[in-house]
Amino acid sequence: MRIDVLGAVRALHDDGTPVDLGGPRHREVLARLVAAEGRMVPTNTLVDDLWAEPPARALGALHTFVAALRRAIEPGRPPRTTPRVLVTEGPGYALRLPRDTVDVHRFEDALARARHTPGALTGLDAALAAWRGPAYADVTGSAWVQRERARLEELRLEGVELRARLLLDSGSGAALVAELGAHVTEHPWREPAWGLLARALHRAGRQADALATLRRARTMLADQLGLDPGADLRHLETDILRGAATLQPSHTVWTAGVRLGPRTTVELARTLALAGGDALIHSRRDRLAAVRAAERSGDINLTARVIGAYDVPALWSRADDPEQSRAVVAAAERTLTALGADGPAELRARLLATVAVESRSADLSTIEQRRAGQAAREAEALARELGDPALLVFALNGVFLQSFTRPGLAAQRDMIGAEVLDLAALHELPDFSVLGRLIRLQSASALGDLDTAAAHAEAAEQLAISAEAPLVPVLTGWFRARVTAARSTEPGGPTAATAAVQYRAAEHALAETAGMPGLHRGLFALALMGLRLLHDRPAPTDPALDWGPYLPWTRPLVLLARHQDEEARNALTMTPDPPLDHMQEALWCLTAHAAARLDERPVAARAATALRAARTEHAGGASGMLTLGPVARYLAEAEACANKETA
């Protein structure tokens with residue numbers, strides 16, 4: 001269920017159908033609890049907020065409203081069981097809902113992220129688009145709602161102006177002229193809005209109009225308020241007259257465009273990478289430029305430090321940019337050779353950890369996999385000998401990414417995640433605390449322990465706020481869709497359609513997150529495939545679905561769903577072993593299922609051999625983002641098919 005208050009107050013079921021909340025007083029009670037943001041509101045406060053002059057039986061009426069709301073928003077709750085959404089707490093009531101299910105909280109969170117992270121612009125766009133009118137539009141006459149509506153309207157105006165500023169800073173924004181013109185007409189006292197309009201006009205090549213806009217602002221402020229324009233407007237006018245470089249978009253001033261040394265460049269690139277989004281893309285580019293500059297210097301120690309300084313936590317076993325990763329690995333290996341076995345242990349450990357982290361298992365040959373695994377083990381051993389916790393968590397990140405050597409290793413990865421988490425907490429390494437939580441989320445998901453995984457998801461989200469890790473809520477959104485899919489098979493659970501809607505929302509959020517192409521492609525289609533298999537339905541056949549890197553393993557089942565059995569058989573015989581990555585159990589299960597359907601016994605036997613070590617895990621669960629159900633189901637199919645030869 002979700003609740004919307006940015007407009008008329010309403011509640012919607014997961015399938016989008018409206019919840020009947022009752023009359024105006026019922027909606028006002030719900031609205032007042034939303035405004036409390038999860039805090040308890042005493043009953044006497046609620047009574048005072050609902051009635052200017054409370055009637056004699058006001059408290060009884062309030063209890064009636066609450067009881068009716070509970071029936072509306074928790075229709076499936078058995079009688080005489082404790083409410084979980086609208087709860088009694090001490091002397092009052094509180095609303096217990098995840099923040100992402102309430103539009104006003106999503107808006108406030110998106111605005112907070114955008115203030116600190118330019119890459120969060122897309123989330124701010126969506127949050128502003130969610131406004132359907134004045135906040136709490138159908139709640140009238142109450143002092144509390146007037147205060148709250150005024151507060152939120154101020155935040156909305158700030159959001160509109162922040163969005164415009166971020167677009168202008170990024171190099172776009174010429175198309176904002178009409179939008180900002182209407183904005184300043186409606187809110188003429190907002191000086192920042194006048195400055196943004198002038199910048200947009202200048203960006204559109206209308207310098208004279210930009211200057212005229214600033215003069216209009218000066219005249220309006222002087223005539224109406226007796227004020228001179230602030231320093232920002234005065235400086236902007238001077239800059240436009242001079243054609244100052246400060247009017248150029250900030251994205252042209254990344255590190256590669258500034259005369260910094262390679263060591264300073266890579267340190268700045270590392271900081272930018274942790275912000276995610278477009279900053280991550282630029283940081284990778286600048287990091288490689290810094291490595292190449294360091295190599296040209298001929299200083300081996302400097303080169304080693306530049307390569308090893310980029311200890312950005314990495315979670316996914318498929319590289320975002322394989323070509324760039326290969327270039328970094330090659331530079332690290334050259335530098336290791338130049339340092340020699342007697343080189344400084346700390347530098348060698350960082351170079352080895354870099355090789356392990358950048359050598360993502362999905363993109364490697366067998367020889368490269370062995371080399372990367374050995375680098376991970378050596379980096380870990382050296383870091384433990386040195387007793388450097390920051391170096392050790394970096395090395396363990398490499399060990400984690402090289403831990404997909406076969407199916408069925410979720411428990412071992414959970415141990416790695418637990419150590420990363422312990423080290424990060426003890427030595428105040430917040431970025432690796434997030435990594436540890438996400439590794440443990442994935443591991444618990446793979447083992448089917450959804451409650452433990454959910455606890456790690458919530459903890460990761462909390463850490464992400466202070467660590468400014470914008471990708472975390474995207475990943476945990478996928479996890480919650482994966483949980484809904486799993487529970488859609490349970491009696492009384494959510495519908496498959498609800499799970500599909502959640503997967504689509506998660507896919508939309510991921511598609512808007514720059515810097516994760518190695519994760520994005522094919523994920524939504526594979527999630528839908530898993531959802532259909534959970535409900536014993538054929539594979540999806542929509543030709544618009546992008547199967548990405550998973551096509552060879554999904555194609556046989558798609559062809560079967562189209563009743564093209566011979567083509568499916570041919571595709572199955574050409575299916576390779578899956579890459580050693582987060583999805584290997586899922587892809588082996590697809591192969592096992594197709595082999596059983598087509599009675600291809602040798603293929604079924606091969607799949608069964610691969611899956612036996614993972615029989616207690618859940619297919620796709622290692623990603624923490626989707627599920628095909630228990631591996632045991634597919635293993636049983638494969639073994640039954642393979643054993644027909646000897647039956």
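**A three-stranded sheet and a helix pair**

Strand β4, residues 86-89, pairs with β5 in the antiparallel sense, and four bridges join them. Before going on, I should say that this is a predicted model.

One of those bridges can be found by looking for Val87, whose partner in β5 is Ala94. What links the two strands? β4 and β5 form a hairpin, with two residues between them. Gly90 sits in that turn and has a positive phi of about 60°.

Now to the other neighbour of β5. Strand β3 covers residues 41-42 and pairs with β5 over two bridges, again in the antiparallel sense. The bridge partner of Val41 in β5 is Tyr93, and the partner of Pro42 is Gly92.

Put together, the three strands make an open sheet. In which order do the strands lie? The order is β3-β5-β4, and the pairing is antiparallel. β3 and β4 are the edge strands, as each of them pairs on one side only. As general background, strands of a sheet pair through backbone hydrogen bonds, either parallel or antiparallel.

Next, the faces of β5. In a regular strand the side chains alternate between the two faces of the sheet. Are the residues on the two sides of β5 buried or exposed? In β5, residues 92-95, Gly92 and Ala94 are on one side, Tyr93 and Leu95 are on the other, and all are buried. Both faces of the strand are therefore covered, given that buried here means under 20% relative accessible area.

There is also a helix to point out here. Helix α3, residues 58-73, lies across β4 and β5 and runs at about 140° to β4.

The last item is a pair of helices further along the chain. Helix α19 is residues 430-446 and helix α21 is residues 471-487. The two pack at an angle of about 15°, and their axes are 12 Å apart. Angles under 35 degrees count as roughly parallel, so α19 and α21 are roughly parallel to each other. The crossing of α19 past α21 is left-handed.

Which residues make the contact? From α19 they are Val434, Leu438, Leu441 and Ser445. From α21 they are Val472, Leu475, Thr476, Phe479 and Arg482. Sorted by class, this contact has six nonpolar residues, two polar and one charged.

That is what I had on the sheet and the helix pair.

Key: Residues are numbered from 1 along each chain as its sequence is written. This is a predicted model: local features need pLDDT of at least 70, side-chain atom pairs count only at pLDDT 80 or more; totals for chains, interfaces and linings use all residues. Side-chain values use heavy atoms; hydrogens and water are left out. Buried means under 20% relative accessible area, exposed over 50%, partly exposed in between (1.4 Å probe, protein chains only). Two strands pair if DSSP finds at least two bridges between them. Contact means heavy atoms within 4.5 Å. Axes are lines fitted to C-alpha atoms, for helices over the stretch in contact, and angles run from 0 to 180 degrees between N-to-C directions. Angles under 35 degrees count as roughly parallel, over 145 as roughly antiparallel, 65 to 115 as roughly perpendicular and the rest as oblique. A crossing is left-handed if the near helix is turned anticlockwise from the far one by less than a right angle, and right-handed if clockwise. Ala, Val, Leu, Ile, Met, Phe, Trp, Tyr, Cys and Pro count as nonpolar, Asp, Glu, Lys and Arg as charged, and the others, Gly among them, as polar.
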